[in-house]
Amino acid sequence: GMTIPVITMDFRVCGKFHYCLKTPDNQEIWAIWYFKEIKPPEKLVYIQSFSDKNENISNHPMSPTWPLKVLSTITFTEKNNKTLLELVWQPIE
């Protein structure tokens, strides 16, 4: 039920994806990704954080102990004519 207004999508190494998750009652959860590695079609690596609308990194809105920065690695492999997605999150800093 959320919409995802995209503020910035610069899909390249050192680019960023800044967006907002907007609930039906107009609550906003902001987030930002910084792309570290893009290797089509098999791998995507980025640092993700919650943020405010001005791109300032902030705490998770519902979990203050959540890490400020998380290294996210997504790999795609083919298995039995299907795509297998593996997502690994690793807190950093």
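This report covers selected buried residues, aromatic pairs and cysteines in a predicted model.

## Aromatic pairs and cluster

The model holds eight aromatic pairs. One of them joins F11 and F35 in an edge-to-face arrangement. The ring centres of F11 and F35 lie 5.1 Å apart, with 85 degrees between the planes. This pair links distant parts of the chain. F11 sits in the loop between β1 (6–9) and β2 (16–22), and F35 sits in strand β3. The two are 24 residues apart. Their exposure can be set side by side. F11 has a relative accessible area of 47%, so F11 is partly exposed. F35 is at 2%, so F35 is buried.

W33 and Y46 make a stacked pair. Here the centre-to-centre distance is 3.9 Å and the angle between the planes is 15 degrees. This pair also connects distant parts of the chain. W33 belongs to strand β3, and Y46 to strand β4 (residues 43–51). They are 13 residues apart. W33 is buried because its relative accessibility is 17%, under the 20% cut-off. Y46 is buried too, at 4%.

These four residues also belong to one aromatic cluster. Its members are F11, F17, Y19, W33, F35 and Y46.

## I32 in strand β3

I32 is placed in strand β3, which runs over residues 28–39. Its relative accessibility is 0%, so I32 counts as buried.

Beyond its sequence neighbours within four places, I32 is in contact with K16, F17, H18 and Y19. Its further contacts are I47, Q48, S49, S51 and E55. F17 and Y19, both on this contact list, are members of the aromatic cluster. K53 is 21 residues away from I32 along the chain. The C-alpha atoms of I32 and K53 are separated by 9.5 Å.

## H18 in strand β2

H18 lies in strand β2. H18 is buried because its relative accessible area is 0%.

Residues up to four places away in sequence are again set aside. On that basis, H18 touches V6, I7 and T8. It also touches W30, A31 and I32. The remaining contacts of H18 are S51, D52, K53 and E55. S51 and E55 are in contact with I32 as well.

## S72 in strand β6

S72 is found in strand β6, which spans residues 69–79. With a relative accessible area of 0%, S72 is therefore buried. The side chain of S72 makes a polar contact with the side chain of Q48. The distance is 3.2 Å.

Outside four places in sequence, S72 is in contact with L44, V45, Y46 and Q48. L87, V88 and W89 complete the set. Two of these residues recur elsewhere in this account. Y46 stacks with W33, and Q48 is in contact with I32.

## Cysteines

How many disulfides does the model contain? The count is zero. A disulfide is a covalent bond between the sulfur atoms of two cysteines.

Is C14 buried or exposed? C14 has a relative accessibility of 65%, so C14 is exposed. C20 is buried, because its relative accessible area is 2%.

Notes: Residues numbered from 1 in each chain as written. Predicted model: local features only at pLDDT ≥ 70, side-chain atom pairs only at ≥ 80, totals over all residues. Heavy atoms only, no water. Helix = DSSP H or I, 4+ residues; strand = E, 2+ residues; numbered from the N terminus. Buried < 20%, exposed > 50% of the residue type's maximum accessible area, 1.4 Å probe, protein only. Polar contact = N/O pair within 3.5 Å; in protein donor to acceptor, adjacent residues only side chain to side chain. Contact = heavy atoms within 4.5 Å. Disulfide = S-S within 2.5 Å. Phe/Tyr/Trp six-rings, centres within 6.5 Å; stacked < 30°, edge-to-face > 60°.
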